[in-house]
Amino acid sequence: MTHAGSDRAPRSDGTDEDDGDHRAGFCALVGLPNVGKSTLLNALVGARLSIVTPKAQTTRKRLRGIYSDERGQIVFIDTPGLLRPRYALQAGMREEAEEAIRDPDTDVLVYVVDCGFPRSLEAARDFDPPSTAEAILCLNKIDRAEPAEVEAWAAEFGEAGWSAVVRTRADEGTGVEELRDEVLERLPESPPLYPPDELSTATLRELAAEAVREACFELLEEEVPYSVAVQVEEFREDEEPLYIGATLHVERTSQKGIVIGESGRMIREIGSRARPRIEDLVGRQVYLDIWVKVLDNWKKRPGALARLGLPKPREEKSR
Ligand SMILES: Nc1nc2c(ncn2[C@@H]2O[C@H](COP(=O)(O)OP(=O)(O)O)[C@@H](O)[C@H]2O)c(=O)[nH]1
Ligand SMILES: [Mg+2]
């Protein structure tokens, strides 16, 4: 595809009237848990916005990452994995993903599969894309299958009516540029939707809270990180270093002890992992203060989920 104006200097004020063939729109990344959606979002945007861990179900709500160049702007939407919900938080997570799929504003849908996870290929075969969006199939984790197999799947899905099939290895950035190009050329002509220097619609507070949660997933075991919700209560930009006060909510008293650790060792380790990541995002030094509190069974209580700003099921039956 050629761009008449591609050698034109990018405008940063977003008020360019001569937009030519500039494109802009929304692209949702969807698929089963753990297939690499958040890794892709970060690679596509070129910033560490979304939590990536080897553990499934770490993404709890939609997160927007924005990519802009002189050809156009893509607002990528990372979503929770399409899982079978077992409690209120998971029901809300599932609805988050489904809303992104059905949303008439979603121009392009990227359905992500893990080449080393047969069930995700099965799920792609069963997936029924909405008529409102163009659907691209992304064969991710190509390193986890034989090249001949990947080839065969690419042919199979190509014939099955997907608008495009792209092969990626998201953790190393392979194929990411091609995926971005395939998305971009399917977006409508439009001026930028957000200022081109913006990386996300999430606030720095929200991204800081996610960085703390990511450290929890790396350092805490079994069910404990799933029982953690983080809220940034104080974000004092007029102080040097930037002061961030966060509360880490757990579900039970026994978990509080684990998260704090012997003589506070664990909570200090969580803080020292999260802090440099937050500093990268805000571009300055950060003082991070973390408190641990018990919020009984918050994952199962729609009221608590709402208080924490987490998705809750829309039609919760009264109990
Ligand atoms: N081998 C391999 N691992 C990957 C690739 N892409 C992502 N991962 C890993 O897969 C795990 C899950 O990734 P994540 O992005 O959190 O998946 P999500 O649940 O779909 O958002 C992480 O450990 C990633 O590092 C890939 O292309 N190859
Ligand atoms: Mg994720």
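In this predicted model, Val-232 faces Ala-246 of strand 8. That pair belongs to a hairpin in which 5 residues separate strand 7 from strand 8. Strand 7 covers residues 229-236 and strand 8 residues 242-250; the two run antiparallel and are joined by 7 bridges.

A second element of the fold is an open sheet of 6 strands, ordered 2-3-1-4-5-6, with mixed pairing. Its edges are strand 2 (63-68) and strand 6 (164-167); each has a single partner strand, so one side of each lacks a neighbour in the sheet. From one strand to the next, the twist averages 25°.

Within this sheet, strand 4 (residues 106-114) pairs with strand 5 (residues 134-140) in the parallel sense, over 7 bridges. Leu-109 is the residue that stands opposite Ala-135 of strand 5. Helix 4, made of residues 147-159, packs on the sheet and touches both strand 5 and strand 6. The direction of helix 4 makes about 160° with that of strand 6. In a regular strand, side chains alternate between the two faces of the sheet.

The remaining topic is the ligand site. Around ligand 1 there are 20 residues, of which Gly-36, Lys-37, Ser-38, Thr-39 and Ala-170 come nearest. Helix 1, residues 37-45, supplies the largest share of this shell, with 3 residues. Sorted by class, the shell around ligand 1 holds 9 polar, 6 charged and 5 nonpolar residues.

Terms used. Residues are numbered from 1 along each chain as its sequence is written. Chains are lettered from A and ligands numbered from 1 in the order in which they are written. This is a predicted model: local features need pLDDT of at least 70, side-chain atom pairs count only at pLDDT 80 or more; totals for chains, interfaces and linings use all residues. Two strands pair if DSSP finds at least two bridges between them. Helices (H or I, at least four residues) and strands (E, at least two) are DSSP runs, numbered from the N terminus. A residue is near a molecule or strand if its C-beta atom, placed from the backbone, lies within 6 Å of it. Ala, Val, Leu, Ile, Met, Phe, Trp, Tyr, Cys and Pro count as nonpolar, Asp, Glu, Lys and Arg as charged, and the others, Gly among them, as polar. Axes are lines fitted to C-alpha atoms, for helices over the stretch in contact, and angles run from 0 to 180 degrees between N-to-C directions. Two residues are in contact if their C-beta atoms, placed from the backbone, lie within 7 Å.
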